[in-house]
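Here are my notes after going through the model, point by point. Keep the structure open beside you while you read.

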Amino acid sequence: MPLSLPVIDRAGIFDSSVKFQNITVTPKRPVELFEVELFMHDGGTTFIDGVEYPIRAGRLLVAKPGQIRNSVLPFQCYYIHLEVQEGAVYRCLMNAPDYMELAQKQIYRNLIHEIMGYFHSPYEGGELWVYAKLLELMYQINQDTLLHQRKTRLAGKVDDRAILQAVSYLDEHFRSSSATLEAAAKAANLSPIYFHKLFSAIIGKTPHAYVLDKKLRYAKELLLTSTLSLTEIAYECGFSSQSYFNYVFKKEVELTPNQFRGKKYLKEYL
């Protein structure tokens with residue numbers, strides 16, 4: 001698959017109260033570059049091609065060249081504007097929904113902060129590093145795009161809606177002992193055997209694998225953003241013990257939790 005590296009046109013923090021002091025609605029404007037924005041707080045409303053999106057903290061906006069957008073103020077966001085040629089990154093951004101919820105908001109914040117820091121204070125040899133961060137950001141956007149598409153598709157058929165109910169249940173309870181096959185099947189009002197088969201076919205992984213992935217994603221976030229001990233993280237993520245957490249994490253990530261948390265791995269795995 002061809003890969004054309006994006007070019008950062010600008011990056012930073014946007015605060016409408018500073019940029020626009022005397023207006024409450026911005027004028028409509030054509031989007032010229034890809035605009036990736038992570039909203040910092042609940043705020044006003046943004047419009048893309050006339051479609052209304054309420055601004056909520058932790059939501060991601062991906063505006064594409066050629067779209068028309070404007071906003072009802074106020075709002076604050078982290079932003080990156082990118083020039084992207086045809087290729088894998090271009091398709092990733094074009095396929096992304098204009099506005100979506102994120103599975104791992106802190107990872108986005110960390111990545112955007114890293115990119116912003118380099119953009120405003122470049123250092124010798126940092127170009128490859130910041131491109132690695134950009135590609136990591138694109139990967140995260142692609143993963144959340146797939147999740148968004150899957151959830152949207154699930155809203156269609158009766159069986160799909162049942163699985164969507166189960167996904168919502170597992171998203172809410174993945175850290176507790178109630179995230180079992182039987183409980184999720186009950187949430188979907190299906191028999192456990194049929195539920196397991198249907199869930200695997202629609203989601204692309206078994207219920208157990210889905211829950212494990214949620215636990216590990218949350219564990220990675222805590223390892224990189226908190227000072228909790230490994231034991232505390234293990235229990236916070238729903239593992240029965242630290243030793244079992246260590247075993248599963250090493251098996252799936254190919255690093256121990258301590259190695260993942262260590263500074264020499266931080267930049268690579270944020």
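1. Start with the open sheet of 4 strands: its order is 2-7-4-5, and the pairing is antiparallel. Strand 2 (29–30) and strand 5 (51–54) sit at the edges, each pairing on one side only. Bear in mind that this is a predicted model.

2. Look at the strand 2 edge in more detail. Strand 2 and strand 7 (residues 68–72) run antiparallel and are joined by 2 bridges. If you want one pair to click on, take Arg29, whose bridge partner in strand 7 is Arg69.

3. Now strand 8 (residues 76–83). Is it enclosed or open? Of its 8 residues, 6 are buried, so the rest of the structure largely encloses it. Strand 1 (residues 7–15) runs antiparallel to strand 8, with 8 bridges between them. Strand 3 (residues 34–39) is also antiparallel to strand 8, joined by 6 bridges. Ile80 is a handy residue to centre on here: Ala11 stands opposite Ile80, and so does Val36.

4. On to the nonpolar cores. The largest one has 37 residues, and Ile163, Leu170, Phe195, Phe199, Phe239 and Phe249 are the ones with the most contacts inside it. At least two residues each come from helix 5 (158–173), helix 6 (181–187), helix 7 (192–203), helix 8 (207–225), helix 9 (230–236) and helix 10 (242–253). Helix 8 gives the largest share, 9 residues. There is also a second, separate core of 30 residues, which includes Ala11, Leu60, Ile107 and Ile112. As background, nonpolar side chains tend to be buried together in soluble globular proteins.

5. Phe199 deserves a closer look. Which residues does Phe199 touch, leaving aside those up to four places away in sequence? The list is Ile163, Val167, Leu170, Gly204, Lys205, Thr206, Pro207 and Tyr210.

6. Phe199 is also one of the buried residues of helix 7, along with Phe195, Leu198, Ile202 and Ile203. Seen down the helix axis, these buried residues fall within an arc of 105°, so they line one face of helix 7. Turned away from that buried side is a face with the exposed residues Ile193, Lys197 and Ala201. Ile193 may catch your eye as a nonpolar name on that list, but it does count as exposed.

7. The length of helix 7 checks out too. Helix 7 has 12 residues and should span 16 Å at 1.5 Å a residue; its end C-alpha atoms are 16 Å apart, which agrees. Straight after helix 7 comes Gly204, with a positive phi near 90°.

8. Finally, the whole chain. It has 12 helices and 9 strands. The radius of gyration is 20 Å, close to the 18 Å that the globule rule gives for 270 residues, so the chain is as compact as a globular protein of that length. Along the principal axes, the C-alpha trace spans about 55 × 45 × 40 Å. Buried residues make up 44% of the 270. As for contacts between residues at least 6 apart in sequence, 68% join residues at least 24 apart.

Methods: Residues numbered from 1 in each chain as written. Predicted model: local features only at pLDDT ≥ 70, side-chain atom pairs only at ≥ 80, totals over all residues. Heavy atoms only, no water. Core = buried A, V, L, I, M, F, W, Y, C linked by side-chain atoms within 4.5 Å. Buried < 20%, exposed > 50% of the residue type's maximum accessible area, 1.4 Å probe, protein only. Contact = heavy atoms within 4.5 Å. Pairing = 2+ DSSP bridges. Expected span 1.5 Å × (residues − 1). Arc of directions from axis to C-beta. Rg over C-alpha atoms; globule rule 2.2 N^0.38 Å.
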